[in-house]
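Reader: I'd like a close look at one part of this model: the surfaces that face the two DNA strands. Could you walk me through them, and fill in whatever I need to know about the protein around them?

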There are 2 protein chains.
Amino acid sequence: MTGPSLPRHQRPSLTERRKAETEREIARHAAELFSEHGAAGVTAEGIAQAAGVSLRTFYRYFRTKEEAVTPLLTGGVRQWLADLAAAPAELSLTQALEHAVRAALTPDGPYAELQTEALESTRGLLRAVPGDPALRSVWLRVHAETEEALVPVLTRLAREGTEPLELRLTAAAANAAMRIAMETWAGTDAEPDDPERGPAALAVRCLRGLTAGLHTPRA
Amino acid sequence: MTGPSLPRHQRPSLTERRKAETEREIARHAAELFSEHGAAGVTAEGIAQAAGVSLRTFYRYFRTKEEAVTPLLTGGVRQWLADLAAAPAELSLTQALEHAVRAALTPDGPYAELQTEALESTRGLLRAVPGDPALRSVWLRVHAETEEALVPVLTRLAREGTEPLELRLTAAAANAAMRIAMETWAGTDAEPDDPERGPAALAVRCLRGLTAGLHTPRA
DNA sequence: CGCCCAGGTGGCACGATGTGCCATAAAGGC
DNA sequence: GCCTTTATGGCACATCGTGCCACCTGGGCG
């Protein structure tokens, strides 16, 4: 199903590159239009036109109008999961999560270019999320999928015999921490490398605040 | 009408009762149809017809086709939040959460009739959720709203001066625990009063597993 | 180089979604 | 009993998302 036999991991075969380019183009324009007018104020036709494709083609790339922005929202997720799976065994689970966050989100890290490129578009989009039901829905769906993808990674990371239910809970909690970190960051104007209010710093603070919050005694 | 003088806000005022009845009727049929054919296999027209109202009226009660089932999904939430807000001050946060869960979900509790009535419809619906993108979206939206509603309750419950960010994280974690408890319960055929696999028991186990999962050392 | 064909693209029609507008009938206040 | 309020139904309409077909481009092959 992977199309014509790829001789190598050589090059993406011009057509493939055009497809990837078109997808990025659609996503970019969708994000811009959604940020400015809200999802309800933009038609699929409008996005398609801005991206220079027909309406029919638009729906070949994305199942719904709103899905068009998912590429921007899933930006760092893949790297995060990969870095998490590769965490040194001597780290505790919390430490491993922090380690992965730093690796995936720190501007000095290996994914710097990838991030900074789309980071501002993503922030603009996230700022529109709270007040836009349709965008909110996409945002939640993206995180639901991340949570699902997180479970097998944590399973291999945790010690054997850990309850599946516990793993699922851990995945949900960690994922929620990441989500809230992103939402909080979007609400600020902090530079990506801000050591106090940048994405990485916020994510780490959220991961730590998670366990703290449930344990602090009441007044 | 020469009936007994109507105390202003006492009586639900016949019309109100009919509206509530219609809403329940729509929700019931929507849940049944969605459970059987999936959200994509049911038209708004079909739901309206089954509930005995016109299509136009259907959309006066619910903004979208999928929203029609939210009344069933938000069933216990209001009670849970109320019980949580009324938790004795000497309980820790985790204990308060457990206390509220028991009060709202235990079959012996004060909300028994309300629960058992719709509990089976809800379970049928939840079983369809994982494989149905549209239903999944509603399920996530409901929990996102619960999470939001949870924050002010926790704020008043926690000791003064607690970081807003920490409160939000706690709300998200507790809410995720409830969600996963419901999803897990829906996957079983346990009786509602099962002391091991019932909703209340599962919810408590999830709340505890939450803090445990993040702290256990690795192999 | 030219043929061929797999597959990306566009146009069109169509069922379905969700909303605005107006007419009607029933409920509640006087 | 009259009058205002409001829930409801019917209709038209823009938009959504999909199936189908016709076109054309690019990439392999003789």
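**Around the DNA**

Author: Sure, let's begin with the chain itself. Read along the sequence, chain A runs α-α-α-α-α-α-α-α-α-α, so to speak a plain list of 10 helices and zero strands. Keep in mind that this is a predicted model. Of the 219 residues in chain A, 37% are buried. Among contacts in chain A between residues at least 6 apart in sequence, 63% link residues at least 24 apart.

Chain A splits into domain 1 (15-70) and domain 2 (74-213). Their C-alpha centres are 26 Å apart, and the contact between them takes 11 residues from domain 1 of chain A and 11 residues from domain 2 of chain A. On the domain 1 side of chain A, helix α1 (residues 15-37) gives the most, with four residues. By class, that side of domain 1 of chain A, where domain 2 of chain A touches, has five nonpolar, three polar and three charged residues.

Now for the DNA. UniProt, in an unreviewed entry, lists residues 43-62 of chain A as "DNA-binding region". That span is 75% helix and 0% strand, and its end C-alpha atoms lie 14 Å apart.

Take DNA strand C to begin with. It has 22 residues around it, and those that come nearest are A:S54, A:T57, B:L14, B:T64 and B:K65. Both chains therefore show up in that list of nearest residues, given the cut-off of a C-beta atom within 6 Å of the strand. The elements that each supply at least two residues of the surface near DNA strand C are α1 and α3 of chain A together with α2 (44-51) and α3 of chain B. α1(A) gives the most, with four residues. By class, the surface near DNA strand C has five nonpolar, nine polar and eight charged residues.

Next comes DNA strand D, with 20 residues around it; here A:L14, A:T15, A:T64, B:S54 and B:T57 come nearest. At least two residues each come from α2 (44-51) and α3 (55-61) of chain A, and from α1 (15-37) and α3 (55-61) of chain B. The largest share of the surface near DNA strand D is that of α1(B), four residues. By class, this surface has four nonpolar, eight polar and eight charged residues.

How do the two chains sit relative to each other? Chain B superposes on chain A by a rotation of 180 degrees with 0.0 Å of shift along the axis, at an RMSD of 0.1 Å. The two copies are thus related as by a two-fold rotation axis. The same surface serves both copies, as 97% of the contact residues of chain B recur in chain A. Within chain B, the residue that comes closest to the rotation axis is B:A173, at 2.7 Å (C-alpha).

As for the contact between the chains, 36 residues of chain B touch 35 residues of chain A. On the chain B side, α6 (93-105), α8 (133-157), α9 (164-186) and α10 (199-215) are the elements that give two or more residues. α9(B) gives the most, with 11 residues. Sorted by class, the side of chain B that touches chain A has 19 nonpolar, nine polar and eight charged residues.

Definitions and conventions
Residues are numbered from 1 along each chain as its sequence is written. Chains are lettered from A and ligands numbered from 1 in the order in which they are written. This is a predicted model: local features need pLDDT of at least 70, side-chain atom pairs count only at pLDDT 80 or more; totals for chains, interfaces and linings use all residues. Copies are superposed by least squares on the C-alpha atoms of residues with pLDDT of at least 70 in both. Two residues are in contact if their C-beta atoms, placed from the backbone, lie within 7 Å. Ala, Val, Leu, Ile, Met, Phe, Trp, Tyr, Cys and Pro count as nonpolar, Asp, Glu, Lys and Arg as charged, and the others, Gly among them, as polar. UniProt positions are given in the numbering used here, feature names are shortened, and annotations may be inferred rather than shown by experiment. A residue is buried if 20 or more other C-beta atoms lie within 10 Å of its own, exposed if 12 or fewer, and partly exposed in between; C-beta atoms are placed from the backbone. Domain bounds come from an automatic or database domain assignment.
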